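Hi,

Here is the structure I said I would pass on. Have a look at it first, and then read on for what turned up.

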Amino acid sequence: SRLSKQMSGGVLSSDGERAQLFPAETYEVADGGTFAIQCRPRLVVDRAPNVKTDDGKRAERTALCLRDGGKVIDVVIIRGSDDGESPGPSLFALAQFLHRSGCESALNLDGGPSTGVAWREDGGVQLLAPRAAVRHVIAFHERP
């Protein structure tokens with residue numbers, strides 16, 4: 001999708017070497033960028049939690065956390081309990097958790113039934129499948 005400054009939130013952009021998180025309202029598409037995604041809200045900005053109040057809305061969550069000046073991107077998946085007793089964190093709680101975990105910047109990607117992840121381990125694919133269909137996925141590849 002095209003950049004929507006009216007949507008607000010943040011834009012995580014990477015040139016393949018380093019990622020940065022920008023406010024969507026002031027983001028300008030740069031030459032040479034290889035990847036950019038806009039979502040909301042920005043959970044951690046300049047090493048500080050950016051969600052100021054807890055609306056109580058809890059769900060499974062997917063977020064991107066930048067470390068080491070944007071050289072490292074952690075994909076953070078927080079699932080609810082299988083019995084439905086704990087649906088997952090609020091955005092406020094997630095922002096606090098990511099801040100305590102050392103994220104320099106963090107962007108919420110999605111929440112709820114689309115939260116899922118697959119990764120390669122021990123010669124096979126491990127999967128925490130989303131609970132519903134998803135339209136888009138992001139694939140990260142570790143550099144040698």
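Around the largest pocket there are 40 lining residues, and Ile-37, Leu-109, His-136, Val-137 and Ile-138 are the ones nearest its centre. Keep in mind that this is a predicted model. The volume of this largest pocket comes out at about 1500 Å³. Strands feed into its lining from many places: β1 (10–14), β3 (35–39), β7 (72–78), β8 (105–111), β9 (117–121) and β10 (124–128) each give at least two residues. The largest share is from β3, with five residues. If you colour the lining by class, you should get 24 nonpolar, eleven polar and five charged residues.

The second largest pocket has a volume of about 520 Å³. Its lining is made of 17 residues, and if you want to find its centre, go to Ile-73, Phe-140, His-141, Glu-142 and Arg-143, which lie nearest to it. Here β7 gives the most, three residues. That strand also supplies at least two residues to the lining of the largest pocket. The class split for the second largest pocket is eight nonpolar, four polar and five charged.

Now the cysteines. How many disulfides does the model have? The count is one, and the partners are Cys-65 and Cys-103, with their sulfur atoms 2.1 Å apart. The link is left-handed, at -115° about the S-S bond. It ties together distant parts of the chain, 38 residues apart: Cys-65 is in strand β6 (residues 61–67), while Cys-103 is in the loop between α1 (91–100) and β8. Are these two cysteines buried or exposed? Cys-65 has 0% relative accessibility, so it counts as buried, and Cys-103 is buried too, with a relative accessible area of 2%. Cys-39, on the other hand, is in no disulfide, and the nearest cysteine sulfur, which belongs to Cys-65, is 15 Å away. Cys-39 counts as buried because its relative accessibility is 12%, under the 20% cut-off.

Both disulfide partners come back in the packing. The largest nonpolar core has eleven residues, and Cys-65 and Cys-103 are among them, along with Leu-43, Val-44, Val-51, Ala-63, Val-76, Leu-94, Ala-95, Leu-98 and Ala-106. β4 (42–45), β6 and α1 are the elements that give two or more residues to this core, and the largest share, three residues, is from α1. Apart from this core lies another one, of nine residues, including Leu-12, Leu-21, Leu-64 and Leu-66.

Ala-63 is a good place to start if you want to walk through the largest core, as it is one of the core's residues. Leaving out neighbours within four places in sequence, Ala-63 is in contact with Leu-43, Asp-74, Val-75, Val-76, Leu-94, Leu-98, Leu-107, Asn-108 and Leu-109. You have met Leu-109 already, as one of the residues nearest the centre of the largest pocket.

Last, a tryptophan. Trp-119 lies in strand β9. Is Trp-119 buried, exposed or partly exposed? With a relative accessible area of 36%, Trp-119 is partly exposed, because that value falls between the 20% and 50% cut-offs. Not counting residues up to four places away in sequence, Trp-119 touches Gly-124, Val-125, Gln-126, Leu-127 and Leu-128. Phe-35 is 84 residues from Trp-119 along the chain, and their C-alpha atoms are separated by 20 Å.

Cheers

Technical notes:
Residues are numbered from 1 along each chain as its sequence is written. This is a predicted model: local features need pLDDT of at least 70, side-chain atom pairs count only at pLDDT 80 or more; totals for chains, interfaces and linings use all residues. Side-chain values use heavy atoms; hydrogens and water are left out. On a 1 Å grid over the protein atoms alone, a cavity is a set of points where a 1.4 Å probe fits but cannot get out, and a pocket is an open set with protein on both sides within 12 Å along at least five of seven lines; lining residues have an atom within 4 Å of a point. Grid points are joined across faces, edges and corners, and a volume is the space filled by probe spheres set on the points. Helices (H or I, at least four residues) and strands (E, at least two) are DSSP runs, numbered from the N terminus. Ala, Val, Leu, Ile, Met, Phe, Trp, Tyr, Cys and Pro count as nonpolar, Asp, Glu, Lys and Arg as charged, and the others, Gly among them, as polar. A disulfide is a pair of cysteine sulfur atoms within 2.5 Å. Buried means under 20% relative accessible area, exposed over 50%, partly exposed in between (1.4 Å probe, protein chains only). A nonpolar core is a set of buried Ala, Val, Leu, Ile, Met, Phe, Trp, Tyr and Cys residues joined through side-chain atoms within 4.5 Å. Contact means heavy atoms within 4.5 Å.
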